[in-house]
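Okay everyone, thanks for coming. Let me put the structure up on the screen, and then we'll walk through it piece by piece.

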Amino acid sequence: MSQWSEATQERAREIIARYPQKRSAVMPLLYLAMAEEGYLTDEGMEEVARWVGITPAQVQAVATFYTMYKRRPTGKYLISCCTSISCMLLGGDDVLHAVEDESGVPHGETGADGLLSVEHVECIGACGGAPAVQVNYELIEGVTAEKARDLVRWLETALPDVVNTDEMQELFGGVRSFDWAVREGDGARGPYPAFQALGTVGRQGET
Amino acid sequence: MTYPLVVTKRMTDHPADSHTLERYEATSGYEQAKRVLGMSRDELVEEIKTSGLLGRGGAAFSAGLKWSFLAPARPSYLVINGDESEPGTFKDRQLLERDPHQMLEGVIITAIANEVHHAFVYIRGEYPKPARRVQTAVDEAYARGYLGKGIFGSDYDLEVTVHLGAGAYICGEETALINSLEGLRGEPRLKPPYFPAAKGLYMQPTIVNNVETVSNLPHILAMGAEEFIELGHPLDTGTFMISVSGHVKKPGNYELPHGITWRHLIYDIAGGVPGDKQVKAIVPGGASAPWFIPEIHLEDQITKDVCAEAGSMLGSGAVIVMDETTCMVRAAERIVRFFAHESCGQCTPCREGTTWMEMILRRIEEGQGRPVDLDLLLDVSDGISVGLAWPPKMTTICPLGPSAVSPVLALRDYFRDEVNEHVERGGCWFPGARVKPHDTVEGDRRQLVEIGARGELGSGGRPPEVMGNRE
C-alpha cells in the first residue's frame with residue numbers, strides 16, 4: 001500500500017505516463033518523494049521503487065549519484081553558495097563565509113533549529129551575475145557579503161512560506177547574467193526545486 | 001559596433017513578453033515548423049548540412065551530419081541537452097527562460113527531420129525558472145495542437161517530455177544524459193558501441209542536440225542556408241552565443257558572429273577590465289578548455305579552427321577573464337576541484353587523478369607545497385591525459401577527466417614561476433590568500449601554527465611543524 005496521499009499518487013501516475021518506460025520516471029519521482037517529506041527517506045525511496053518496478057537498491061544508486069537529492073533532514077531554507085571559478089573570482093568565498101558566519105551554520109550542515117542549511121555548490125549557471133546564491137534553488141545574482149548577511153537575517157525573521165527568485169533578486173541581488181525582464185509569482189516551498197508546472201511539487205491549493 | 005542578432009533577437013526587441021506564445025506567433029513563430037511538415041527528410045538534412053551549423057554544446061560537430069548518421073531502426077528519439085553546467089556557461093539558461101517557444105520549434109523541426117515521435121528536453125535541476133517556462137510553453141503548444149497527436153492538423157504525432165536533472169555536470173555528456181533519462185546513474189557509456197545515433201535512448205537511434213543548436217533551426221530555414229553562412233565565418237557559420245564572466249566590466253551573454261578577436265570581445269564588447277587592470281589569463285571555452293594569455297592570443301580570431309590551432313577550444317562559448325590580481329594556482333585549484341567533484345567515478349584515472357590533482361594544488365596554494373609538486377602534478381595529469389596533448393588522448397570513457405588537465409597545462413606553459421614561488425615562499429601573496437608567504441608579516445610561522453591548530457588547513461589540521469621536513 002502506498003503511503004503517499006491520493007493527490008501525490010495521481011501526480012506519480014501522470015509523471016510515469018510521460019515516459020515510454022517506467023524506469024525513466026525515477027528522477028521526477030524522487031523529487032516528488034522529497035516534496036512529500038522534506039527530504040529523501042528510505043521509505044520514500046522504497047515507494048519510488050514500487051512505482052517504477054525496480055529494487056530500492058537501484059533507486060538508491062540513482063539517488064546517491066545526484067547532489068540535489070538530500071538524504072538527510074534539510075532546513076526549511078537551503079542556502080547554496082556558488083564557489084566555482086567565476087564566482088570565486090568575484091568574491092564567492094566571502095559570500096559563503098558571510099552566510100556561515102551570520103547563520104552560525106557551517107557549509108554542509110543544518111542549524112539545530114532546522115531552519116537553515118548551508119552548502120557550497122559547484123557552478124549553477126549564473127556566472128555573468130557572480131557571485132550567485134540560491135535559496136531552495138531560487139536564484140539570486142550579484143550578491144555581496146553584506147547582502148548575504150541581510151538575506152540570512154531576512155529568512156530568519158520574515159520566514160517566507162514561498163521563496164521566489166524575483167523577489168529575492170530585488171532585495172539582495174545586483175548584477176545579473178542577463179535581463180530577467182518579467183517577474184513571476186511561482187517559487188519554492190521547501191528545500192527542493194519549484195517544479196510545480198512539472199508536477200513534482202504540489203500545485204497551489206493542493207494538499 | 002552592433003552585430004545582427006538571430007537567437008536573441010526576439011528577447012532583445014520584446015523583452016517583456018518574448019517567452020509567450022502570443023509574442024512568438026506574432027513574430028513569425030512556428031511558421032517553419034509548419035513548412036517542414038511538407039519537406040522530405042533528405043531535403044531538410046541537406047539544408048542544415050549546407051548551412052554549416054555546428055553543435056553549440058561544446059563539441060562543435062556539424063548538426064546536419066549528426067542527423068545524417070541516424071541509424072534506420074525505429075522508433076528514434078530526440079533529446080535536447082539543456083543540462084548546461086560547464087563553469088562559465090549560462091547561455092542556454094537565457095534561451096530557455098526568455099524564448100522557450102523558439103527552442104520548441106527547433107525541437108519540432110529536428111523531430112520531423114529525424115522521424116522522431118517522442119522528444120525529451122533535459123534541463124538541469126538548478127534551473128527551476130527556465131524549466132517552469134519551458135513546461136508552460138510545452139503545455140501551450142499541446143493546447144494549440146502544435147504538439148501531441150497530429151501536429152498542426154497533419155498526421156504527424158509528436159510528444160515532448162521535459163525531464164529534470166538533479167545536480168550532476170556529467171549528465172551534459174550525451175551518453176550519461178541518456179543513462180540519466182533511462183533512470184540509471186548518470187555515467188557515460190563507452191563509444192563505440194553506444195553512439196547515440198545507433199544505440200541511444202532505450203538502445204534506439206537517438207539525436208542529442210544542444211538548446212542553442214536547435215534554437216537556430218527556425219531561423220536557418222527562414223533565411224536560407226546561404227544567408228546564415230554569410231552571418232558568420234566561412235568555417236564557422238552563423239552567430240553564436242558567448243557567455244563572458246569574471247573580471248570584465250560588462251559580463252553577460254553576447255550573440256556574435258564567429259571571427260572577431262579576443263581583444264574586441266574583452267575590451268570593446270565586454271567593456272574591458274574593472275579598474276583598467278591587465279588581463280592575466282583567459283579561459284576561452286568553459287572550464288574544460290586550456291587557457292590563453294593576452295601576450296600570445298589577444299589578437300587571435302574567435303573561431304573553432306583558430307582556437308584548435310592555438311591548442312584549446314571554443315567549447316560551449318564560455319569566456320572567463322582573469323585579471324592581474326588573480327592567483328593562477330588558486331584559479332587552477334578551483335577548476336580542478338570542480339572536475340574532482342563532478343567525476344562520475346567509473347574510470348580510475350579520472351576518479352583518483354582529479355582528486356589527487358586537487359590536493360596537490362591546494363597544498364601549493366596553502367603554503368605546504370614541495371619543490372617536486374609541479375612535476376608530480378604533471379605526472380598525475382599525464383596519467384589521465386597521456387602526453388598532455390590537446391585535444392587529449394583518452395584514458396577514460398568520456399572527456400571529463402582529461403578536461404581537468406587543462407588548467408595544469410597553463411601552469412606548466414605560462415605560470416611555472418608563479419607556482420614555484422608559492423612553494424619557495426610557503427604561501428600566496430595575492431588578495432584573499434588564506435596563507436601568506438613566510439617572508440611577509442602576516443605570513444610568519446606563528447600564524448601558520450595557529451591556523452593549523454584550528455584545523456583550517458588542507459593538511460587535516462596538523463600544524464606545518466609536524467608535517468615533516470619541508471626542505
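So, let's start with strand 1 of chain B, residues 76-82. Strand 1 runs parallel to strand 4 of chain B, and five bridges join the two. If you want one pair to look for, find B:Leu78: its bridge partner in strand 4 of chain B is B:Ile207. Before we go on, keep in mind that this is a predicted model.

Now zoom out a little. Which order do the strands of that sheet come in? In chain B, four strands make an open sheet, and the order is 3-2-1-4, with parallel pairing. At the edges sit strand 3, residues 159-164, and strand 4, residues 206-210, and each of those pairs on one side only. Going from one strand to the next, the twist averages 20°.

What lies across these strands? Helix 7 of chain B, residues 100-113, lies across strands 1, 2, 3 and 4 of chain B, and runs at about 155° to strand 1. Helix 9 of chain B, residues 174-181, also lies across strands 1, 2, 3 and 4, running at about 100° to strand 2.

While we're here, there are a couple of prolines to point at. The peptide bond from B:Arg74 to B:Pro75 is cis, with omega near 5°. You'll find B:Pro75 in the loop between helix 5, residues 63-68, and strand 1 of chain B. Then there's a cis peptide bond joining B:Pro192 and B:Pro193, where omega is about 10°. B:Pro193 is in the loop between helix 9 and strand 4 of chain B.

Okay, domains. The domain assignment splits chain B into domain 1 (9-231), domain 2 (239-323) and domain 3 (328-467). Let me stay with the first two on that list. Taken over C-alpha atoms, the centres of domain 1 and domain 2 of chain B are 27 Å apart. As for contacts, 17 residues of domain 1 of chain B touch 20 residues of domain 2 of chain B.

How do people usually put a number on something like this? The size of an interface is often given as the accessible area that is lost when the parts come together. For domains 1 and 2 of chain B, about 1,400 Å² is buried between them, and 53% of that is on carbon and sulfur atoms. Three residues to highlight are B:Glu86, B:Phe90 and B:Lys91: they supply 29% of the area that domain 1 of chain B buries against domain 2 of chain B, more than any other three residues.

How many salt bridges are there across that domain interface? Zero, by the rule used here, between domain 1 and domain 2 of chain B. There are polar contacts, though: ten residue pairs between domain 1 and domain 2 of chain B. And on the domain 1 side, helix 6 of chain B, residues 91-98, gives the largest share of what touches domain 2 of chain B, three residues.

Let's move over to chain A, and look at where the two chains meet. Here 56 residues of chain A are in contact with 66 residues of chain B. The chains bury about 4,900 Å² between them, with 60% of it on carbon and sulfur atoms. This time the rule finds seven salt bridges between chain A and chain B. One of them you can click on: the side chains of B:Lys129 and A:Asp166 meet at 3.2 Å, N to O. Between chain A and chain B, 31 residue pairs are in polar contact. Several elements of chain A give two or more residues to the side that touches chain B, among them helix 2 (26-37), helix 4 (56-63) and helix 8 (165-172).

Last stop: the sheet in chain A. Five strands form an open sheet in the order 2-3-1-4-5, and the pairing is mixed. The edge strands of chain A are strand 2, residues 109-110, and strand 5. Strand 2 pairs with strand 3 of chain A, residues 116-121, in the antiparallel sense, over two bridges. Look for A:Thr110, which stands opposite A:Ser117 in strand 3 of chain A.

One more residue and I'm done: A:Tyr137, in the loop between strand 4 and strand 5 of chain A. Phi of A:Tyr137 is near 70°, a positive value in a residue other than glycine.

Technical notes. Residues are numbered from 1 along each chain as its sequence is written. Chains are lettered from A and ligands numbered from 1 in the order in which they are written. This is a predicted model: local features need pLDDT of at least 70, side-chain atom pairs count only at pLDDT 80 or more; totals for chains, interfaces and linings use all residues. Side-chain values use heavy atoms; hydrogens and water are left out. Two strands pair if DSSP finds at least two bridges between them. Axes are lines fitted to C-alpha atoms, for helices over the stretch in contact, and angles run from 0 to 180 degrees between N-to-C directions. Contact means heavy atoms within 4.5 Å. Domain bounds come from an automatic or database domain assignment. Buried area is the accessible area (1.4 Å probe) that two parts lose on being put together, summed over both. A salt bridge is a side-chain nitrogen of Lys or Arg within 4 Å of a carboxyl oxygen of Asp or Glu. A polar contact is a pair of N or O atoms within 3.5 Å; within protein, one must be able to donate a hydrogen and the other to accept it, and residues adjacent in sequence count only if both atoms are side-chain atoms.
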